[in-house]
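Please open the model in a viewer and keep the sequence at hand. The tour below proceeds by selection, one stop after another.

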Amino acid sequence: AEIVQGSERIAAIVSAMLGFAEKQSTTWAPTRVADVVRGVLPFAEPGLIRDGIALKVAVPEDLPMVSCHTPQIQRVLMDLITNAREALNEKYPHADPGKSLALSAMEIHGGGVWIMDSGSGAPDATARGRAVRITVEDVGTGIDPTIAEHVFDPFFTTRSRTGHSGLGLPTSLGIVRDHGGRLTFESKAGSGSKFHVDLPVHETLRGD
């Protein structure tokens, strides 16, 4: 168990380093959201299976394309899945029928109600109309309202400092904002959380 935990910490550090490096040589391309999600699953599923977490995936194949740097968005999704996994393990230390995580995607349009903005000054995907929302939802411990405004602060973490730098969500926030998107969440303490990654639609191409 210690070897596995150590390996995961190393993988997280390497992933963060690669994420910063990729920002220096970004290759953007119209991309199918379903393909982005499929690329994440082989890395996410082993840990979820080991912890007895049921994964539910609902990502339509015909969603509009988004213009993105695929490895960066996959890094964001892995970070959100990892956070959800830890929240589930905290609430359900052992096997439980309700221990589940959902990964879904849908097209959204401007005018929606935002629960928590990713930060002032970020490009607003909804202002241009269409976006694709990728949601990572868990039924874990949720986020206490007293700390909700700090979850995107650098170095802020409610967990042990061992393996947690407090840079995961701030880094993900930066990546999503660089894509002209928004990273938001809605949560209720004790009942779970939903994190939304909204990416503007590539206006000239569709996934179908």
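**First stop: two helices in contact**

In this predicted model, select Q72, I73, R75, V76, D79, L80 and N83 in helix 3, which meet G168, L169, T171, S172, I175 and V176 in helix 4. The residues of this contact divide into six nonpolar, five polar and two charged. Two packed helices are described by the angle between their axes and the distance between the axes. Here helix 3 spans residues 70-91 and helix 4 spans residues 168-178; their axes come within 9 Å and cross at roughly 145°. The crossing of helix 3 and helix 4 is left-handed.

**Second stop: E137**

Keep L80 of helix 3 selected and add E137, which lies in strand 5 (residues 130-138). The C-alpha atoms of E137 and L80 are separated by 9.1 Å, although the two are 57 residues apart along the chain. Now display the surroundings of E137: leaving aside neighbours within four places in sequence, E137 is in contact with S100, L101, A102, S193 and K194. Is E137 buried or partly exposed? Its relative accessible area is 31%, so E137 counts as partly exposed.

**Third stop: D51**

Move next to the loop between helix 2 (33-50) and strand 2 (54-58), where D51 is placed. With a relative accessible area of 18%, D51 is buried, because the cut-off for that class is under 20%. Select R85, N89 and K99 as well: D51 is in contact with these residues, its neighbours within four places in sequence being left aside. Finally, show the side chains of D51 and N89, which are joined by a polar contact of 2.9 Å.

Methods. Residues are numbered from 1 along each chain as its sequence is written. This is a predicted model: local features need pLDDT of at least 70, side-chain atom pairs count only at pLDDT 80 or more; totals for chains, interfaces and linings use all residues. Side-chain values use heavy atoms; hydrogens and water are left out. Helices (H or I, at least four residues) and strands (E, at least two) are DSSP runs, numbered from the N terminus. Buried means under 20% relative accessible area, exposed over 50%, partly exposed in between (1.4 Å probe, protein chains only). A polar contact is a pair of N or O atoms within 3.5 Å; within protein, one must be able to donate a hydrogen and the other to accept it, and residues adjacent in sequence count only if both atoms are side-chain atoms. Contact means heavy atoms within 4.5 Å. Axes are lines fitted to C-alpha atoms, for helices over the stretch in contact, and angles run from 0 to 180 degrees between N-to-C directions. A crossing is left-handed if the near helix is turned anticlockwise from the far one by less than a right angle, and right-handed if clockwise. Ala, Val, Leu, Ile, Met, Phe, Trp, Tyr, Cys and Pro count as nonpolar, Asp, Glu, Lys and Arg as charged, and the others, Gly among them, as polar.
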